[in-house]
Amino acid sequence: MKTIMIFGICRTGKTTFSRMIQKEFKHYQIIELDTIIAALQKTVPGVPIGFIHDNLPENHLPEFLHLLLQKNIHKNGKELGFIINGDSIMPADLVKYFDLQEILVYYFVTEKLSCAQILANCRHFDAKEEWTTRRSDETLLKHFQFYKDIEQKIIRDCAKYHLPCIDTSTNREATLQQLLATLKAELKRQ
């Protein structure tokens with residue numbers, strides 16, 4: 001069973017798409033990278049594993065995730081599948097540490113949306129438990145601008161490494177439904 005990885009910038013539909021997959025395929029378990037990173041940072045001070053915005057000189061997240069998956073697959077076989085989602089693994093690291101024949105990967109971006117449009121979407125659609133509801137507009141705009149710069153690198157690197165880069169700027173629901181249909185067909189071919 002192939003591991004599914006959904007990466008890209010924040011607020012692009014990674015978690016939504018992960019849940020759509022899990023609803024269709026009950027034997028897939030979602031692993032949220034943000035949760036793993038936060039837990040490691042709170043319990044192991046100085047751990048060299050972090051978010052992109054932590055700007056670590058050397059981020060060991062890709063190596064850690066690779067080992068975590070390999071250990072789980074070795075212990076449990078391939079009866080369970082994993083859906084990994086997060087925004088802290090860039091295409092170059094993915095290519096370096098993972099066998100792309102063994103995973104289905106998608107990078108999500110919102111290239112056509114401005115930071116102000118992303119903020120407006122957050123204020124309109126985000127549930128009260130979302131981290132965005134606890135941040136000021138000014139803080140979020142700075143955060144989104146930081147990720148807009150990273151988004152351009154993701155787009156370039158996806159083209160360089162021939163990785164799927166999905167723009168969810170417009171018709172997000174239809175885009176995710178179409179991608180789900182493509183993924184279902186791919187999983188049936190396994």
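The following conversation concerns a predicted model and examines how two helices pack and what lines the pockets.

Colleague: Why is helix 1 called oblique to helix 7?

Modeller: Helix 1 (residues 14–24) and helix 7 (residues 172–188) pack at an angle of about 45°, and their axes lie 10 Å apart. Angles under 35 degrees count as roughly parallel and those from 65 to 115 as roughly perpendicular. The angle of about 45° belongs to neither class, and therefore helix 1 is oblique to helix 7. The crossing of these two helices is right-handed.

Colleague: How do you know that helix 1 and helix 7 meet?

Modeller: Contact means heavy atoms within 4.5 Å. On the side of helix 1, the residues that meet helix 7 are Thr16, Phe17, Met20, Ile21 and Glu24. Their partners in helix 7 are Arg172, Leu176, Gln177, Leu179, Leu180, Leu183 and Lys184. The residues of this contact divide into 7 nonpolar, 2 polar and 3 charged.

Colleague: What makes up the lining of the largest pocket?

Modeller: The largest pocket has a volume of about 1200 Å³. Of its 38 lining residues, Arg11, Thr15, Asp126, Glu130 and Trp131 are the closest to its centre. The elements giving two or more residues to this lining are helix 1, helix 2 (33–43), strand 3 (81–86), helix 5 (115–125) and helix 6 (137–161). The lining divides into 11 nonpolar, 14 polar and 13 charged residues.

Colleague: Which residues are the closest to the centre of the second largest pocket?

Modeller: The second largest pocket has a volume of about 230 Å³. Of the 14 residues that line this pocket, the closest to its centre are Phe51, Ile52, Leu56, Asn59 and Asp93. Helix 6 gives the largest share of the lining, 3 residues.

Notes
Residues are numbered from 1 along each chain as its sequence is written. This is a predicted model: local features need pLDDT of at least 70, side-chain atom pairs count only at pLDDT 80 or more; totals for chains, interfaces and linings use all residues. Side-chain values use heavy atoms; hydrogens and water are left out. Axes are lines fitted to C-alpha atoms, for helices over the stretch in contact, and angles run from 0 to 180 degrees between N-to-C directions. Helices (H or I, at least four residues) and strands (E, at least two) are DSSP runs, numbered from the N terminus. Angles under 35 degrees count as roughly parallel, over 145 as roughly antiparallel, 65 to 115 as roughly perpendicular and the rest as oblique. A crossing is left-handed if the near helix is turned anticlockwise from the far one by less than a right angle, and right-handed if clockwise. Ala, Val, Leu, Ile, Met, Phe, Trp, Tyr, Cys and Pro count as nonpolar, Asp, Glu, Lys and Arg as charged, and the others, Gly among them, as polar. On a 1 Å grid over the protein atoms alone, a cavity is a set of points where a 1.4 Å probe fits but cannot get out, and a pocket is an open set with protein on both sides within 12 Å along at least five of seven lines; lining residues have an atom within 4 Å of a point. Grid points are joined across faces, edges and corners, and a volume is the space filled by probe spheres set on the points.
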